[in-house]
Amino acid sequence: MNSTVILPNGREVPSLGLGTWHMGERIGDPTTEALALKRGLDLGATVIDTAEMYARGGAERVVAEAIKGRREEVFIVSKVLPHNASRHGTIRACENSLQRLGIDAIDLYLLHWPGPHPLGDTIEAFHDLKKIGKIKAWGVSNFDTSDMEELWRVPGGADCQTNQILYNLMRRGVEWDLLPWCHKNGVSVMAYSPLEQGRLLNNKKLNSLAKQRNLSAAQIAIAWTLCKKGVMSIPKASSIRHVEENIAAWSIKLEKSDLDLLNEEFKPPLKKGMLDIL
């Protein structure tokens with residue numbers, strides 16, 4: 001079990017973070033969501049992942065509330081939408097995110113997925129933002145192996161710190177070539193939706209194993225992602241109870257017999273497939 005992940009620039013961050021997808025929406029309770037994030041920070045999960053897309057900036061506002069008075073201890077990740085990721089649009093989007101977050105700099109700023117603007121323009125904007133201190137590092141999200149290879153061909157592209165991808169027991173296709181490529185090139189991986197937005201929790205074998213270990217299905221699923229070298233897991237939890245349950249996965253050691261059972265139920269890929277995206 002890896003409790004931290006070291007980014008290519010040497011920055012060490014917790015391997016378990018806090019996701020915010022679907023936070024800040026009208027049907028939610030932003031106060032409860034901010035309290036859940038605060039509890040996560042108290043328990044050492046000091047990476048918070050958000051994006052301008054989430055609730056059209058609403059999630060970033062929830063994060064702003066959660067980190068008031070404790071900015072120094074938090075590692076903030078946010079993302080620019082692909083259609084905003086032109087040379088000037090990236091800078092504008094970052095400034096808007098900073099305003100909603102109520103901070104001076106984003107620790108890690110990601111391109112949310114490959115889009116219409118030339119990668120070179122986005123990367124130049126990232127480097128400009130880094131120079132003026134508005135971001136500390138940058139990365140990408142939802143990039144497949146061919147996208148990463150293209151990124152590496154762009155001047156400055158190899159400064160990428162992470163690739164945030166859909167990775168969980170049900171979505172193991174990235175193990176075929178994308179994860180090995182990232183490991184070979186020293187790029188960290190952030191696994192979003194490690195619980196498949198809750199769908200994993202209905203699996204009978206996963207629940208049976210959890211019961212045997214006196215754990216929850218969610219804890220087993222998150223612990224499985226944390227077993228992977230260079231992988232950070234960012235489950236979203238909107239309540240204090242779920243945050244506490246998720247973070248307890250940090251102390252779980254899965255035995256070989258557990259991993260064998262999980263491999264039998266959730267089979268690794270036998271060939272290259274399309275990159276899964278939620």
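I started with how β7 sits beside strand β8 (residues 162-166): two bridges join them, and the strands run parallel. I'm working from a predicted model here. Looking for who pairs with whom, I found that Val140 has Asn163 as its bridge partner in β8. Between the two strands comes helix α5 (residues 145-153), and β7, α5 and β8 together make a right-handed β-α-β unit.

Next I checked the other neighbour. Strand β6 (residues 108-111) also runs parallel to β7, with three bridges joining them. Tyr109 is paired there with Trp138. To get from β6 to β7 the chain goes through helix α4 (residues 119-131), and this β-α-β crossover is right-handed.

Then I zoomed in on β7 itself (residues 138-141). Which way do its residues point? Trp138 and Val140 go one way, Gly139 and Ser141 go the other. That fits the textbook: side chains in a regular strand alternate between the two faces of the sheet. Buried or exposed, I wondered about these four residues. They are all buried.

Tyr109 came up again when I looked at the largest nonpolar core, which has 77 residues. Tyr109, Met148 and Leu262 touch the most other members. Helix α8 (residues 217-226) gives this core its largest share, eight residues. A separate core has 14 residues, including Val13, Phe75, Leu108 and Leu110.

Last, I listed what Tyr109 contacts, skipping neighbours within four places in sequence. Among them are Val80, Cys94, Phe126, Leu129 and Ile135, plus its bridge partner Trp138. Polar names turn up too, including Ser78, Lys79 and Thr90.

How values were computed:
Residues numbered from 1 in each chain as written. Predicted model: local features only at pLDDT ≥ 70, side-chain atom pairs only at ≥ 80, totals over all residues. Heavy atoms only, no water. Buried < 20%, exposed > 50% of the residue type's maximum accessible area, 1.4 Å probe, protein only. Pairing = 2+ DSSP bridges. Right-handed = clockwise from strand over helix to strand, strands pointing away. Core = buried A, V, L, I, M, F, W, Y, C linked by side-chain atoms within 4.5 Å. Contact = heavy atoms within 4.5 Å.
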